[in-house]
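Colleague: Please take me through this entry one feature at a time, giving the general idea before the particular case.

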Amino acid sequence: MGRAAAGVVHRLTERRETLATVESLTGGLLAATIVEIAGASAVYRGGLVVYATELKEWLAGVPAQLLAERGPVDADVAAALAEGGRQRCGADWGLATTGVAGPEPQDGKPVGLVFVAVAGPDGTQVRELHLDGGRDQIRGASVTEALRLLTEHAQLSEGVTAAAGGGGRGGYAAE
């Protein structure tokens with residue numbers, strides 16, 4: 001986890017871009033992993049831990065109808081969490097986790113089903129994961145996979161930005 005977080009902090013620092021997190025099943029582990037890296041304050045704006053379903057709506061702005069229809073463990077909910085964090089924290093990038101860490105299934109969703117999402121200047125991407133292990137392993141793997149998704153998306157965005165002749169956006173206010 002630490003290596004992936006260091007890569008994210010380094011890349012975003014170079015680009016002068018910022019990051020916010022919204023976490024459900026990881027319960028703050030993603031934020032803690034990021035802020036363990038020296039220099040994280042240059043890029044990390046903050047985050048939300050929205051463990052309870054209603055907080056996903058109230059704090060992160062996930063539409064109530066989406067939560068009612070699909071439940072909290074869903075790809076579109078993950079995307080809404082990432083975009084909500086990005087907007088509410090005024091960051092260039094939003095990174096979100098939602099899923100079932102166990103020990104029991106939740107609302108018919110199996111243990112190990114996780115969605116990680118990244119929202120950035122050029123759109124949102126969600127990755128569905130099917131993870132094995134106990135709670136600690138699932139939460140740790142979710143953090144690592146979320147950071148990998150951000151790294152991959154930022155690299156793609158970097159190519160688009162370079163082709164357009166632009167640079168980093170810095171810490172802009174939410175639109």
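Modeller: Let us start with a side chain: that of Arg 70 makes a polar contact with the side chain of Asp 74, at 3.2 Å. A polar contact is a pair of N or O atoms within 3.5 Å, where within protein one must be able to donate a hydrogen and the other to accept it, and where residues adjacent in sequence count only if both atoms are side-chain atoms. Residues are numbered from 1 along each chain as its sequence is written, and side-chain values use heavy atoms, with hydrogens and water left out. This is a predicted model, in which local features need pLDDT of at least 70 and side-chain atom pairs count only at pLDDT 80 or more, whereas totals for chains, interfaces and linings use all residues.

Colleague: With which other side chain does the side chain of Arg 70 make a polar contact?

Modeller: The partner is the side chain of Asp 76, at 2.4 Å. Contact in the wider sense means heavy atoms within 4.5 Å, and once neighbours within four places in sequence are left aside, Arg 70 is in contact with Asp 76 and Lys 109. Arg 70 belongs to helix α4, residues 64–70; helices (H or I, at least four residues) and strands (E, at least two) are DSSP runs, numbered from the N terminus.

Colleague: Is Arg 70 buried, exposed or partly exposed?

Modeller: Buried means under 20% relative accessible area, exposed over 50%, and partly exposed in between, with a 1.4 Å probe and protein chains only. Arg 70 has a relative accessible area of 38%, so it is partly exposed.

Colleague: How should one read a helix, and what span does α5 reach from its first C-alpha to its last?

Modeller: An α-helix has 3.6 residues a turn, so residues three or four places apart point the same way. The expected span of a helix is 1.5 Å times one less than its number of residues; α5, with 15 residues (75–89), reaches 21 Å, close to the 21 Å expected. The buried residues of α5 include Val 77, Leu 81, Arg 86 and Cys 89. At the N-terminal end of α5, Asp 74 acts as the cap, with a side-chain oxygen 2.8 Å from the backbone nitrogen of Asp 76, and just after the helix Gly 90 takes a positive phi of about 65°.

Colleague: Which strands pair with β3, and in what sense?

Modeller: Two strands pair if DSSP finds at least two bridges between them. Strand β1 (residues 19–23) pairs with β3 in the parallel sense over 5 bridges, and Val 22 stands opposite Ala 96. Strand β4 (residues 113–120) pairs with β3 in the antiparallel sense over 6 bridges, with Val 118 as the bridge partner of Leu 95. In β3 itself (residues 93–99), 7 of the 7 residues are buried, and both faces are covered: Trp 93, Leu 95, Thr 97 and Gly 99 on one side, Gly 94, Ala 96 and Thr 98 on the other.

Colleague: What surrounds a residue of β1, and which residues does Thr 21 touch?

Modeller: Thr 21 is found in β1 and, with a relative accessible area of 0%, is buried. Not counting residues up to four places away in sequence, Thr 21 touches several residues, among them Leu 30, Ile 34, Tyr 44 and Leu 95; with Tyr 44 there is also a side-chain to side-chain polar contact at 2.6 Å.

Colleague: Where do the backbone angles deserve a second look?

Modeller: Most residues other than glycine have a negative phi, and most peptide bonds are trans. In the loop between β3 and β4, which holds Pro 103, the peptide bond from Gly 102 to Pro 103 is cis, with omega near 20°. Asp 107 sits in the loop between β3 and β4 as well, and has a positive phi of about 50° although it is not a glycine; at 63% relative accessibility, Asp 107 counts as exposed. Arg 16, in the loop between α1 (2–15) and β1, has a positive phi of about 55° and is exposed at 68%.

Colleague: And for the whole chain, how many helices and strands are there?

Modeller: There are 6 helices and 5 strands, running α-β-α-β-α-α-α-β-β-β-α from the N terminus on. Of the 175 residues, 50% count as buried.
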